[in-house]
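Here is a short set of exercises to work through with the model open in your viewer. Try each task before reading its solution.

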Amino acid sequence: MPNRRYESGRRMEWQRRKVWESLGCVVVRAAGSHSCWDLVSIHEHMRVHLIQCKIVQTEVQANRMLRAFEENPPMPASESYTMVLEVQVPRKGVFSTSVCM
């Protein structure tokens, strides 16, 4: 039996991948890597975006998660990359924040 959480997370990652590709990026989905990044995006100007995708049930949860990401990013900030958290709330949309140097 398929894992519904895995499937919904994978579906979100593919949707977000298409969005980043539409912005002119080459995107790799880090499936099965068990790292904190779900997508790695490289823009045509060689800017790297490390993207984490999450799904939560409420905007309150999304805002809490976004604030925590900004206050305590998973890696030190660098000029070499931008860390991005994209949080999807069903029927509300995707909220996003980024951390860079």
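## Exercise 1: A loop residue and its partners

Setting aside residues up to four places away in sequence, Ser80 touches Arg47 and Val48. The model is a predicted one.

**Task.** Find where Ser80 lies, and state how far apart Ser80 and Arg47 are in sequence and in space.

**Solution.**
- Step 1: Ser80 belongs to the loop between helix H2 (59-71) and strand S4 (81-89).
- Step 2: Along the sequence, 33 residues separate Ser80 and Arg47.
- Step 3: In space, the C-alpha atoms of Ser80 and Arg47 are 7.2 Å apart.

## Exercise 2: The overall fold

**Task.** Write down the pattern of helices and strands along the protein chain, then judge how compact the chain is from its radius of gyration.

**Solution.**
- Step 1: Count the elements: the protein chain has two helices and five strands.
- Step 2: In sequence order they follow α-β-β-β-α-β-β.
- Step 3: The radius of gyration of the protein chain is 13 Å, close to the 13 Å that the globule rule gives for 101 residues, so the chain is as compact as a globular protein of that length.
- Step 4: For the extents, take the principal axes: the C-alpha atoms fill a box of roughly 40 × 30 × 25 Å.
- Step 5: As for burial, 33% of the 101 residues count as buried.
- Step 6: Among contacts with a separation of 6 or more, 44% are between residues 24 or more positions apart.

## Exercise 3: Surface and charge

**Task.** Give the accessible surface of the protein chain and the distance between the mean positions of its positive and negative charges.

**Solution.**
- Step 1: The accessible surface comes to about 6,700 Å², and carbon and sulfur atoms contribute 53% of that surface.
- Step 2: The protein chain has 14 positive and 10 negative charges, and their mean positions lie 9 Å apart.

## Exercise 4: Two faces of a strand

**Task.** Sort the side chains of S1 and S2 by face, and trace how S1, S2 and S3 pair.

**Solution.**
- Step 1: Start from the rule that side chains in a regular strand alternate between the two faces of the sheet.
- Step 2: In S1, Cys25, Val27 and Arg29 point to one face and are buried, while Val26 and Val28 point to the other and are not.
- Step 3: In S2 (residues 39-43), Leu39, Ser41 and His43 make up the covered face, whereas Val40 and Ile42 make up the uncovered one.
- Step 4: S1 (residues 25-29) and S2 run antiparallel, joined by five bridges. Within S2, Val27 has Ser41 as its bridge partner, and Arg29 stands opposite Leu39.
- Step 5: S2 also pairs with S3 (residues 48-55), in the antiparallel sense and over four bridges. Here Leu39 has Ile51 as its bridge partner in S3.
- Step 6: The hairpin of S2 and S3 has four residues between the strands, and Met46 takes a positive phi near 70° there.
- Step 7: Val28, in S1, is in contact with Asp38, Leu39 and Val40 once neighbours within four places in sequence are left aside. By comparison, the C-alpha atoms of Val28 and Asn3 are separated by 22 Å, although their positions lie 25 residues apart along the chain.

## Exercise 5: Buried, partly exposed or exposed?

**Task.** Classify Gln52, Glu59 and Arg91 by relative accessible area, and place each in its element or loop.

**Solution.**
- Step 1: Recall the cut-offs: under 20% is buried, over 50% is exposed, and partly exposed is in between.
- Step 2: Gln52 lies in strand S3. Its relative accessibility is 14%, so Gln52 counts as buried. Beyond residues up to four places away in sequence, Gln52 touches Cys36, Trp37, Asp38, Phe69, Val84, Leu85 and Glu86.
- Step 3: Glu59 is found in helix H2. With a relative accessible area of 35%, Glu59 is partly exposed. Its contacts, with the same sequence neighbours left out, are Val89, Lys92 and Phe95. Glu59 and Gln88 are 29 residues apart in sequence, and their C-alpha atoms are 8.9 Å apart.
- Step 4: Arg91 sits in the loop between S4 and strand S5 (93-99). At 82% relative accessible area, Arg91 is exposed. Its phi is near 65°, a positive value in a residue other than glycine.

Methods
Residues are numbered from 1 along each chain as its sequence is written. This is a predicted model: local features need pLDDT of at least 70, side-chain atom pairs count only at pLDDT 80 or more; totals for chains, interfaces and linings use all residues. Side-chain values use heavy atoms; hydrogens and water are left out. The radius of gyration is taken over C-alpha atoms; the globule rule is 2.2 Å times the number of residues to the power 0.38. Buried means under 20% relative accessible area, exposed over 50%, partly exposed in between (1.4 Å probe, protein chains only). Contact means heavy atoms within 4.5 Å. Accessible areas come from the Shrake-Rupley method with a 1.4 Å probe; for residues, only the protein chains shown count as cover. Lys and Arg count as positive and Asp and Glu as negative; His and the chain ends are not counted. The place of a charge is taken as NZ of Lys, CZ of Arg, CG of Asp or CD of Glu. Two strands pair if DSSP finds at least two bridges between them.
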